[in-house]
Amino acid sequence: MANVLKKRIGVHVGTAGGAWTAVERAVAAGANTFQIFSSSPRMWKAAPVKAADAAKMRDLRVKLDVGPVAIHASYLINLCSQTESVRTSSEAAFRGEVERALALGAEYLVLHPGSWKGLTREEGLRLAAESIEKAIDGLPWQGKDFKILIENTAGAEFSLGGKLEQVAELVERLKACAPVGVCLDTCHVHVAGYDLVSPDGYIETMMVVGDTVGFEAVKVWHCNDAKAAMGSKLDRHEHIGEGTIGAEAFRRLLHDQRFGHAVFIAETPVDAPGDEARNVGVLRALSAG
Ligand SMILES: [Zn+2]
Ligand SMILES: [Zn+2]
C-alpha cells in the first residue's frame, strides 16, 4: 500500500498568482508531482523567476511532499530550424527556460526536439544537439538534480522525435555535454504508430523502448489518452480512459516495474472544472488496482 501511495502521479497545472501556487493546485487535484510552464508557452518574452516565489515553492514542496516538478518548454522553441534567426531566438529562449528551471529548483525541463523542415533529418538532429549545447553553456546545472528531458513527438512530417530511435540518437549526442533524459508521451507514442493497446503490441512497443532510449532514461511519462487513431500522427489529447488508448493500457503502464522510478503526469484537456482532479484520480485508481 505504501508503494501505491508513494507513486508519483500528477497533472499539468496553471501558475496564475506565481509559480509556487502550482504546488497548491497540484495538491488540490490529488497530485504529488506536477508540470507547469515557467512563462507563456506562446510568447518569446519571459519574466525572470522572483527569488521569493522560488523560495515559497521549495518550502511548500517540502511541507506537502510534492515532486519532482517538470517544466514544459515553450512551444515556440525550435532548436533545429533551418532559419538561423529562429534558431538563435530558440537558443536564447531555451537558455531562459533552463535558468528559470534551475531557479525554481525543478528537476525536469521537457523539450520537443523541433522541426527540421527544409533540411535533412540528420542535419536536424545535429542542429538540435548543437543548439542545446550552446544554449546551456556556462549555466550552473552541474551537480544539480536537474535533467533536460527530450520528449517523443506525434510523428508529424519533419518533426523530430516521432520515432524513438531519433529521441535516443539526440540523447546519445547530448550525453557528453548536458544532463539529459527522456519524457515519453502515451498519446504521441500511440499516434506515431506504436501499439500500447493490445497486450502483444505493448510488449513489442516496450521492446523498442528498451532497445532505443532504454527504460532507465525515461523519467516522466506524459499520460494522455488520444482522440485520434493509432498511427494517425494527430496529436489531440483526451481524458484518461475515454480515448483510443483506453484505461487498460494505462493500468499496464502504471504497473510496469521497468518504470518504477518514473513519474506519471497527465496533460489532459480541461473541459470542465475538476477535470485535473478527475484524471489524476483515474490514474491513481488504475495504479492501485
Ligand atoms: Zn506531452
Ligand atoms: Zn501532445
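**Figure 1. Site of the zinc ion (ligand 2) in the predicted model.** At 3% relative accessibility, His188 counts as buried. In this predicted model, His188 supplies NE2 to the zinc ion (ligand 2), which is also coordinated by two OD contacts from Asp235 and by NE2 of His237, at 2.0 to 2.6 Å. Asp235 is partly exposed, its relative accessible area being 32%. The 4 donor atoms enclose angles of 52 to 123 degrees, and the site is irregular. Four donors would count as tetrahedral if all angles lay between 85 and 135 degrees. Along the chain, the donors of the zinc ion (ligand 2) are spaced as H-x46-D-x1-H. His188 belongs to helix H7 (residues 186-191) and Asp235 to the loop between strand E8 (225-226) and strand E9 (237-238), so this pair ties together parts that are 47 residues apart in sequence.

**Figure 2. Site of the zinc ion (ligand 1).** Four residues coordinate the zinc ion (ligand 1) at 2.1 to 2.2 Å: Glu151 through OE, Asp185 through OD, His222 through ND1 and Glu267 through OE. The site is irregular, with angles of 86 to 174 degrees among its 4 donor atoms. In sequence, the donors follow the pattern E-x33-D-x36-H-x44-E. Strand E7 (residues 218-223) contributes His222, and the loop between strand E10 (263-266) and helix H10 (275-288) contributes Glu267, so the pair ties together parts that are 45 residues apart in sequence. His222 counts as buried at 0% relative accessibility. Glu267 also counts as buried, with a value of 14%.

**Figure 3. The two zinc ions in one view.** A distance of 4.6 Å separates the zinc ion (ligand 1) from the zinc ion (ligand 2). The donors at the zinc ion (ligand 1) come from Glu151, Asp185, His222 and Glu267, whereas those at the zinc ion (ligand 2) come from His188, Asp235 and His237.

**Figure 4. Barrel strands and the pairing of E3 with E4.** A closed barrel of 8 strands, paired in parallel, runs in the order E1-E2-E3-E4-E5-E6-E7-E10. Disregarding direction, neighbouring strands of this sheet are turned by 25 degrees against each other on average. Strand E3 (residues 69-72) and strand E4 (residues 108-111) run parallel and are joined by 3 bridges. In this pairing, His72 stands opposite Val110 in E4. Strand E7, another member of the barrel, carries the zinc donor His222.

**Figure 5. Helix H10.** The end C-alpha atoms of H10 are 20 Å apart, which agrees with the 20 Å that its 14 residues should span at 1.5 Å a residue. The buried residues of H10 are Asp275, Asn279, Val280, Leu283, Arg284, Leu286 and Ser287. An α-helix has 3.6 residues a turn, so residues three or four places apart point the same way. Arg278 of this helix, by contrast, counts as partly exposed at 38% relative accessibility.

**Figure 6. Salt bridge between Glu242 and Arg278.** Glu242 and Arg278 form a salt bridge in which the closest N and O atoms are 3.3 Å apart. Glu242 is located in the loop between E9 and helix H9 (247-254) and Arg278 in helix H10, so the pair ties together parts that are 36 residues apart in sequence. The relative accessible area of Glu242 is 46%, and this residue is partly exposed.

**Figure 7. Salt bridges of helix H5.** The structure holds 16 salt bridges, including the two shown here. Lys134 is paired with Glu91, the closest N and O atoms being 3.6 Å apart. This pair links distant parts of the chain, with Lys134 in helix H5 (residues 121-136) and Glu91 in helix H4 (residues 84-104), 43 residues apart. Lys134 is exposed, with a relative accessible area of 53%, whereas Glu91 is buried at 12%. In the second salt bridge, the side chains of Arg173 and Glu122 meet at 2.7 Å, N to O. Arg173 lies in helix H6 (residues 164-174) and Glu122 in helix H5, and these residues are 51 apart in the chain. Arg173 is partly exposed, with a relative accessible area of 32%, and Glu122 counts as partly exposed at 43% relative accessibility. Glu122, Glu169 and Arg173 are joined into one network by salt bridges that share partners.

Notes
Residues numbered from 1 in each chain as written. Chains lettered and ligands numbered in written order. Predicted model: local features only at pLDDT ≥ 70, side-chain atom pairs only at ≥ 80, totals over all residues. Heavy atoms only, no water. Donors = N, O, S within 2.8 Å, 3.2 Å for Na, K, Ca; no water. Tetrahedral: all angles 85-135°; square planar, octahedral: opposite > 155°, others 65-115°. Helix = DSSP H or I, 4+ residues; strand = E, 2+ residues; numbered from the N terminus. Buried < 20%, exposed > 50% of the residue type's maximum accessible area, 1.4 Å probe, protein only. Pairing = 2+ DSSP bridges. Axes fitted to C-alpha atoms, helices over the stretch in contact; angles between N-to-C directions. Expected span 1.5 Å × (residues − 1). Salt bridge = Lys/Arg side-chain N within 4 Å of Asp/Glu carboxyl O.
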